[in-house]
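Morning, everyone. Please have the sequence and the model on your screens, and I'll walk you through it.

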Amino acid sequence: MKKVRINETIRLSPFDEFRYESLKWYQDPKSMRNIVGAETTYSKEQIQQMYSWQNTHGLLYYIEYHDGRNYQTIGDVWLAEDDYAIVIDQKFQNRHIGRTVTKYFIYKAKKLGRDCITVSEIFNWNKASQKMFTRLNFYPYKQQKDSWSYQKRLKKQPSQEKE
């Protein structure tokens, strides 16, 4: 896999090795509450294990942001057959970076021939993620205790094709 330039400021870099920048979001209890549902932290080893697993079970990229001088790693994104996950450093949230990256992965999932793209868990208190995915026409379809799974259909259903 090669780097993907999404626009002038955002590019995706295929996972190659652990990057220390990821400690910023996986060792921040407030970010982790939105990621795993509890104010916890991951050790470097736990992050490495997670990345290793994700990299063998889907497409894993670092999100890089160009600040006018150089690129810096500000998040990660993972697309699997049955799941999609995106994490953006808190300093870079609310800039439509997540939305822009997710639009690219909607396109990528369509090119891969997928019927839908699924986000397995968005916690009830994570209103920003709910808003972003809803604006991209994802819909909540499966409720858990403190969260919902969201999904977006990528192919028209047979009944829609006849209309």
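I'll take the sheets, then a salt bridge, then the pocket. Keep in mind that this is a predicted model.

Let's begin with the five-stranded sheet. It is open, its order is 1-2-3-4-5, and the pairing is antiparallel. Which strands stand at the edges? Strand 1, residues 4–5, and strand 5, residues 84–88. Each has a single partner strand, so one side of each is left without a neighbour in the sheet. For anyone new to sheets: strands pair through backbone hydrogen bonds, either parallel or antiparallel.

Now look at strand 4, residues 71–79. Strand 4 runs antiparallel to strand 5, and five bridges join the two. To find your place, pick out tryptophan 78; its bridge partner in strand 5 is alanine 85.

Next, the helix on this sheet. Helix 4 covers residues 97–111. It lies across strand 1, strand 2, strand 3, strand 4 and strand 5. Its direction is at about 155° to strand 5.

On to charges. How many salt bridges does the structure hold? Six. I'll show you the one between the side chains of arginine 11 and glutamate 64, at 2.4 Å from N to O. Arginine 11 sits in strand 2 and glutamate 64 in strand 3, so this pair ties together parts that are 53 residues apart in sequence.

Now rotate to the other sheet. This one has three strands, is open, and has the order 6-8-7. Again, the pairing is antiparallel. Strand 6 and strand 7 are at the edges here; each has a single partner, so one side of each has no neighbour in the sheet. On average, neighbouring strands are turned by 30° against each other, direction ignored.

Strand 7 and strand 8, residues 147–153, pair over four bridges. Glutamine 143 has tryptophan 148 in strand 8 as its bridge partner. Helix 5 packs on this sheet. It touches strand 6 and strand 8, and makes about 160° with the direction of strand 6.

Last stop, the largest pocket. It holds about 1100 Å³ of space. There are 39 lining residues, and the closest to the centre are Ile86, Val87, Asn126, Ser129 and Phe133. Which element gives the largest share of the lining? Helix 5, with six residues. Other elements supply at least two residues each, including helix 2, helix 3, helix 4 and strand 6. Strand 4 and strand 5, from the five-stranded sheet, are among them too. By class, the lining has 21 nonpolar, 11 polar and seven charged residues.

That's the tour. Questions, please.

Definitions and conventions:
Residues numbered from 1 in each chain as written. Predicted model: local features only at pLDDT ≥ 70, side-chain atom pairs only at ≥ 80, totals over all residues. Heavy atoms only, no water. Pairing = 2+ DSSP bridges. Contact = heavy atoms within 4.5 Å. Axes fitted to C-alpha atoms, helices over the stretch in contact; angles between N-to-C directions. 1 Å grid on protein atoms, 1.4 Å probe; cavity = no way out; pocket = protein on both sides within 12 Å on 5 of 7 lines; lining within 4 Å. Points joined across faces, edges and corners; volume = space filled by probe spheres on them. Nonpolar A, V, L, I, M, F, W, Y, C, P; charged D, E, K, R; others polar. Salt bridge = Lys/Arg side-chain N within 4 Å of Asp/Glu carboxyl O.
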